[in-house]
Amino acid sequence: MAKFHIFVDGAIGTTGLRIFERLSRETDIELMQLPEKQRKDLNTRLHTIGQADLTFLCLPDEAAKEIINYAPTDAKICDTSTAHRIDPNWVYGLAELSKQTDRIRAANRVAIPGCHATGFISLIRPLVEMEAILTDFPLTCHSITGFSGGGKAMIADYNLPNRLPELNAPRLYGLSLQHKHLPEMTTFTGITQPPLFTPVVADFYSGILVSIPLPMTAFSAAYQSGEKLTMLLQDYYRNRPLITVKPFAALPESGMLAANTLTGKDNLEIALFGNNQHILLTARFDNLGKGASGAAIQCMNLMLGREETAGLSF
């Protein structure tokens with residue numbers, strides 16, 4: 001059986017390591033590895049990119065930009081960094097958006113979305129497309145994530161035997177209100193101004209819960225009910241295996257939503273709650289799954305002509 005040759009540039013980071021480990025179990029994929037002494041050698045990496053069927057860049061932004069300056073234009077590359085997400089020469093890797101699957105299939109350059117952005121865009125983009133919400137309505141977004149979203153350094157901090165007491169409690173960050181996901185959250189929803197976005201990191205390994213509270217007056221007259229908004233989202237994501245939309249106000253037995261319910265999975269779950277005056281839009285998924293490595297593998301599958309959900313768990 002012919003195999004796809006895949007290179008993970010930066011396979012020692014959280015996302016790169018997760019992609020590498022997952023692809024190592026796929027029978028139709030052969031992972032290209034470099035000796036430790038050559039992992040930072042630009043010429044060796046460029047040669048490997050040229051030989052690979054597809055390369056994942058799991059690098060800091062500046063390192064990703066540097067290697068793209070020299071990489072062959074016909075090389076298929078998925079970048080998991082923030083560097084190219086709103087670059088018009090790149091295709092955004094959220095496959096469930098309208099016509100985005102075909103764009104990803106035809107692309108050589110795909111930027112994998114940020115985890116918080118994935119939840120926000122999945123909730124707001126369909127509403128904008130269907131003119132259910134005004135594009136200039138001021139939006140607020142809250143998101144709580146597990147500490148793995150902070151990378152190896154944060155994971156190490158949380159795993160210290162005598163860690164700081166403040167790590168025992170949820171911590172608000174992005175206090176300047178200029179989080180790095182805001183540009184893609186704005187660009188790929190079609191809203192005219194970025195949301196007020198308040199992310200929180202808490203003492204659990206992985207999982208993410210994005211929530212957007214809105215008054216009913218934010219919506220056009222045809223969609224001023226939780227049931228109608230839910231139906232809109234269900235129609236938008238119909239036949240998309242990795243995104244499900246729950247019935248309106250389908251509360252868990254506990255009456256609460258946990259951010260880590262989909263840990264280890266690659267799907268995303270949307271649920272709406274509220275009353276006649278206010279609506280709460282929610283999206284929960286694994287920040288390491290649909291929010292990172294799962295989305296990257298989904299895009300790889302499309303770019304290489306594999307089954308879209310091959311190697312994914314949902």
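Which residue of β3 is the bridge partner of Val8? In this predicted model, the partner that Val8 finds in β3 is Phe56, and the pair belongs to a parallel arrangement in which four bridges join β1 to β3. These two strands are part of an open sheet of six strands, whose order is β2-β1-β3-β4-β6-β5 and whose pairing is parallel. The edges of this sheet are taken by β2 and by β5 (91-92), and because each of them has a single partner strand, one side of each is left without a neighbour in the sheet.

Several helices are placed against this sheet. Helix α3 lies across β1, β3, β4 (77-79) and β6 (109-111), and its direction makes an angle of about 150° with β3. Helix α9 likewise lies across β1, β2, β3, β4 and β6, running at about 160° to β3. In α1, the buried residues are Thr14, Gly16, Ile19, Phe20, Arg22 and Leu23, and what covers them includes the strands β1 (4-9), β2 (29-32) and β3 (54-57), together with the helices α6 and α9 (289-304).

Helix α3 also has a helical partner. Helix α2 (residues 42-51) packs with α3 (residues 61-70) at an angle of about 65°, the two axes being 10 Å apart, and the contact is made by Leu42, Arg45, Leu46 and Ile49 on the side of α2 and by Glu66, Ile67 and Tyr70 on the side of α3. The crossing of α2 and α3 is right-handed.

The cysteines deserve a short detour. A search of the whole structure finds zero disulfides, and Cys78 accordingly is in no disulfide, the nearest cysteine sulfur being that of Cys299, 5.5 Å away. Why does the sulfur of Cys299 form no bond with the closest cysteine sulfur, in Cys78? The separation of 5.5 Å is too far for a bond, because a disulfide requires the two sulfur atoms to lie within 2.5 Å. Cys78 is buried, with a relative accessible area of 0%, and Cys299 is also buried, with a relative accessible area of 0%.

A second open sheet contains seven strands in the order β8-β9-β7-β10-β13-β12-β11, and here the pairing is mixed. Its edges are β8 and β11 (243-245), each with a single partner strand, so that one side of each is left without a neighbour in the sheet. Towards the β8 end of that order, strand β7 (residues 140-146) runs parallel to β9, to which seven bridges join it, and one pairing that can be followed in the model is that of Thr145 with its bridge partner Val201 in β9.

At the other end of the order, β11 and β12 pair in the parallel sense over three bridges, with Leu268 of β12 as the bridge partner of Ile243. The pairing of β12 with β13, by contrast, is antiparallel and has seven bridges, and there the bridge partner of Glu269 is Arg284 in β13. A hairpin joins β12 to β13 through three residues. Strand β12 is mostly covered, since six of its seven residues are buried.

Part of the surroundings of these strands is supplied by helix α8 (residues 226-236), in which Gly226, Leu229, Thr230, Leu232, Leu233 and Tyr236 are buried. These residues cover an arc of only 155° around the axis, which puts them on the same side of α8. The buried residues of α8 pack against α5 (115-129) as well as against the strands β11, β12 (268-274) and β13 (278-285).

Helix α6 (residues 151-158) gives a further example of a helix with a buried face, for Gly151, Ile155 and Tyr158 are buried. Seen down the axis of α6, the buried residues fall within an arc of 60°, so they line one face of the helix. This spacing fits a general property of such helices: there are 3.6 residues a turn, so residues three or four places apart point the same way. On the other side of α6, Lys152 and Ala153 are exposed. The buried residues of α6 pack against α1 (14-23), β8 (171-172) and β9 (196-202), which brings the account back to α1, whose own buried residues have α6 among the elements that cover them.

Technical notes:
Residues numbered from 1 in each chain as written. Predicted model: local features only at pLDDT ≥ 70, side-chain atom pairs only at ≥ 80, totals over all residues. Heavy atoms only, no water. Buried < 20%, exposed > 50% of the residue type's maximum accessible area, 1.4 Å probe, protein only. Arc of directions from axis to C-beta. Contact = heavy atoms within 4.5 Å. Pairing = 2+ DSSP bridges. Axes fitted to C-alpha atoms, helices over the stretch in contact; angles between N-to-C directions. Left-handed = near helix turned anticlockwise from the far one by under 90°.
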